[in-house]
Amino acid sequence: MKLDMEAVFTGKASYADIIRDVKPSDLHAVTGELFDEIESIIAEATDVQVTFVPHDPAAREPGEQGWPISHAIAHLTASMESAAVGAAMMARGVSPKERLSYETPWETLQQADQVRARLKESRRMCEAFLNAWPDQPHLDVMATPIPPLGPMNAIGVYMLGIGHGQSHLPQLHEIMRQSSAA
């Protein structure tokens, strides 16, 4: 299930519209699909490729050329885990007062096996947070982590992490393309 965040950002749909049909029972499958796709993209990555710094015209930081795979993986897994823990708390009836996030320092991910281990660990953690949901989740507990998207329940918060992960897929493809050509 691909989220059409572009439709949200261009005003063609609301965030609530694009996740309206997502059920708690869908979340494990959506999580598996995303991790499978990320793992597929970097399956053949070498140690040199995970630290290769690509040219990214969308780089935002002054002097930044682009993110290596290690940086992109550390960032997207942290975002997905943050959404997963927040959603688990909400599903249990607790409204988190802050974003619960930790990002593995990307500079410590110097080898392809380390990046793959980080992905495996993140998948396990996201699935564990989903397993912490009660059988009858408190979908009435709302949060507004991104005000322009409006209030959302645990499903909405979890899917933000999925959407964020999906938004990095083209970046990962491009890093692999550039690093293979170098």
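Glu 39 is partly exposed in this predicted model, with a relative accessible area of 29%. Its side chain meets that of Arg 123 in a salt bridge, with an N to O distance of 3.3 Å. The pair links distant parts of the chain, since Glu 39 sits in helix α3 and Arg 123 in helix α6, 84 residues apart. Arg 123, for its part, is buried, because its relative accessible area of 17% falls under the 20% limit. The bridge thus joins a buried arginine to a partly exposed glutamate.

Salt bridges that share partners also bring in Asp 36, so that Asp 36, Glu 39 and Arg 123 form one network. A search of the whole structure finds eight salt bridges, and two others are worth a look here. Lys 2 pairs with Glu 37, with the closest N and O atoms 2.7 Å apart. Lys 2 lies in the segment before α1 (5–9) and Glu 37 in helix α3 (residues 27–41), so this pair ties together parts that are 35 residues apart in sequence. Lys 2 counts as exposed, at 54% relative accessibility, while Glu 37 is partly exposed, at 29%.

The second of these is a local affair. The side chains of Arg 177 and Glu 174 meet in a salt bridge with an N to O distance of 2.6 Å. Both residues belong to helix α8 (residues 169–181), and because they are three residues apart there, about one helical turn separates them. Glu 174 is partly exposed, with a relative accessible area of 31%.

Helix α8 also takes part in helix packing. Two packed helices are described by the angle between their axes and the distance between the axes. For α5 and α8, the axes come within 10 Å and cross at roughly 165 degrees. This angle is over 145 degrees, and the two helices are therefore roughly antiparallel to each other. Their crossing is left-handed. On the α5 side the contact is made by Ile 69, Ala 72, Ile 73 and Leu 76, and on the α8 side by Gln 171, Leu 172, Ile 175 and Met 176. By class, the residues of this contact divide into seven nonpolar, one polar and no charged.

Helix α5 meets α6 as well. Here the axes come within 9 Å and cross at roughly 10 degrees. With an angle under 35 degrees, α5 and α6 are therefore roughly parallel to each other. From α5, the residues in this contact are Ile 69, Ser 70, Ile 73, Thr 77, Ala 78, Met 80, Glu 81, Ala 84, Val 85 and Ala 88, and they meet Val 115, Arg 118, Leu 119, Ser 122, Met 125, Cys 126 and Phe 129 of α6. The contact of α5 with α6 comprises twelve nonpolar, three polar and two charged residues. Ile 69 and Ile 73 of α5 are named both in the contact with α8 and in the contact with α6.

Two polar residues of the α5 and α6 contact, Thr 77 and Ser 122, can be followed individually. Thr 77 is placed in helix α5 (residues 69–91) and counts as buried, at 0% relative accessibility. Leaving aside neighbours within four places in sequence, Thr 77 is in contact with Arg 118, Leu 119 and Ser 122. Ser 122 lies in helix α6 (residues 112–131) and likewise counts as buried, at 0% relative accessibility. With neighbours within four places again left aside, the contacts of Ser 122 are Phe 35, Thr 77 and Glu 81.

The loop between α6 and α7 offers a view of another region. Pro 137 lies in this loop, with α7 spanning 154–167. Beyond neighbours within four places in sequence, Pro 137 is in contact with Pro 24 and Ala 91. Pro 137 and Gln 65 are 72 residues apart in sequence, and their C-alpha atoms are 43 Å apart in space. Gln 136 is placed in the loop between α6 and α7 too. Gln 136 is exposed, because its relative accessible area of 67% is over the 50% limit. The C-alpha atoms of Gln 136 and Val 50 are separated by 41 Å, with their positions 86 residues apart along the chain.

Note on methods:
Residues numbered from 1 in each chain as written. Predicted model: local features only at pLDDT ≥ 70, side-chain atom pairs only at ≥ 80, totals over all residues. Heavy atoms only, no water. Helix = DSSP H or I, 4+ residues; strand = E, 2+ residues; numbered from the N terminus. Buried < 20%, exposed > 50% of the residue type's maximum accessible area, 1.4 Å probe, protein only. Contact = heavy atoms within 4.5 Å. Salt bridge = Lys/Arg side-chain N within 4 Å of Asp/Glu carboxyl O. Axes fitted to C-alpha atoms, helices over the stretch in contact; angles between N-to-C directions. Parallel < 35°, antiparallel > 145°, perpendicular 65-115°, else oblique. Left-handed = near helix turned anticlockwise from the far one by under 90°.
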